[in-house]
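Subject: Structure for you to look through

Hello,

I am passing on the structure we talked about, and I would be glad if you opened it beside this message. Please look it over first, and then read the notes that follow.

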Amino acid sequence: MKTLNDLFLDTLADIYDAEHRITEALPKLAEAAESDDLREAFENHLSETEGHVKKVERVFAAFKTSPYRKTCQATVGLLKEGDEFAEEFEGTAALDAALISAAQKVEHYEIATYGCLATWAGLLGKEDAQALLHEILSEEEAADETLSDIATSESNEEAMDENPVAV
């Protein structure tokens, strides 16, 4: 019979895999970005994401379980979509807006996952793990906000300039 603890560990293994994949993807996103601000945001989040991997490993330890990965199909698909956006919009003013969109989809997946994990850790009586998960959640929310700020302050407007709407 499966329990909340089983669901927690299964979901933790999923996000552990996702964080590893995101660590591999962020340098490519930074390289593809046209905007210095966006490039810097991706580079900064890479450092945070490497920290997330270590924090997730500490959460596994709190549950007396060795870290393991379960293929995160959602992240696989979202990163594939991001690669397609980068290729399709390469060399256009819409590239950064496309990269931000792809990155925010990943951030929203992470936010949802870490929110659930933090709640479940609390229910399972693992306050140390819950605190770590809340730290990651706060960093993911901040990364999402940074991407929104870049989108609204520069990337979306620049994307419109290249393809004006016909009247």
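The part of the chain that gives the most to the lining of the largest pocket is H1, which supplies seven residues. Please keep in mind throughout that this is a predicted model.

To stay with that pocket for a moment, it holds about 410 Å³ of space, and of the 26 residues that line it, those closest to its centre are Ile22, Ala25, Leu26, Leu29 and Ala103. H1 is not alone there, since helix H1 (4-32), helix H2 (36-62), helix H3 (73-88), helix H4 (95-123) and helix H5 (127-162) each supply at least two residues of the lining. Sorted by class, the lining has 15 nonpolar, four polar and seven charged residues.

Turning to the protein as a whole, you will find five helices and zero strands, so that, by the way helices and strands are assigned, the elements run α-α-α-α-α from the N terminus on. The C-alpha atoms fill a box of roughly 60 × 30 × 25 Å, taken along the principal axes, and of the 167 residues of the protein, 42% count as buried. Among contacts between residues at least 6 apart in sequence, 80% join residues that are at least 24 apart.

In soluble globular proteins, nonpolar side chains tend to be buried together. Here the largest nonpolar core has 44 residues, and Phe8 and Phe42 are the ones that touch the most other members. The elements that give two or more residues to this core are H1, H2, H3, H4 and H5, and H1 gives the most, with twelve residues. If you select phenylalanine 8 and leave aside its neighbours within four places in sequence, you should see it in contact with Val59, Phe63, Leu117, Trp120, Ala121, Leu124 and Leu133.

One last point concerns the cysteines: why is cysteine 116 not bonded to cysteine 72? A disulfide is a covalent bond between the sulfur atoms of two cysteines, and the sulfurs must lie within 2.5 Å to be counted as such a pair. The sulfur of cysteine 116 is 13 Å from the closest cysteine sulfur, that of cysteine 72, and is therefore too far away for a bond. The structure accordingly holds zero disulfides. As for their surroundings, cysteine 72 is buried, with a relative accessible area of 0%, whereas cysteine 116 is partly exposed, with a relative accessible area of 37%.

With best wishes

Conventions. Residues numbered from 1 in each chain as written. Predicted model: local features only at pLDDT ≥ 70, side-chain atom pairs only at ≥ 80, totals over all residues. Heavy atoms only, no water. Buried < 20%, exposed > 50% of the residue type's maximum accessible area, 1.4 Å probe, protein only. 1 Å grid on protein atoms, 1.4 Å probe; cavity = no way out; pocket = protein on both sides within 12 Å on 5 of 7 lines; lining within 4 Å. Points joined across faces, edges and corners; volume = space filled by probe spheres on them. Helix = DSSP H or I, 4+ residues; strand = E, 2+ residues; numbered from the N terminus. Nonpolar A, V, L, I, M, F, W, Y, C, P; charged D, E, K, R; others polar. Core = buried A, V, L, I, M, F, W, Y, C linked by side-chain atoms within 4.5 Å. Contact = heavy atoms within 4.5 Å.
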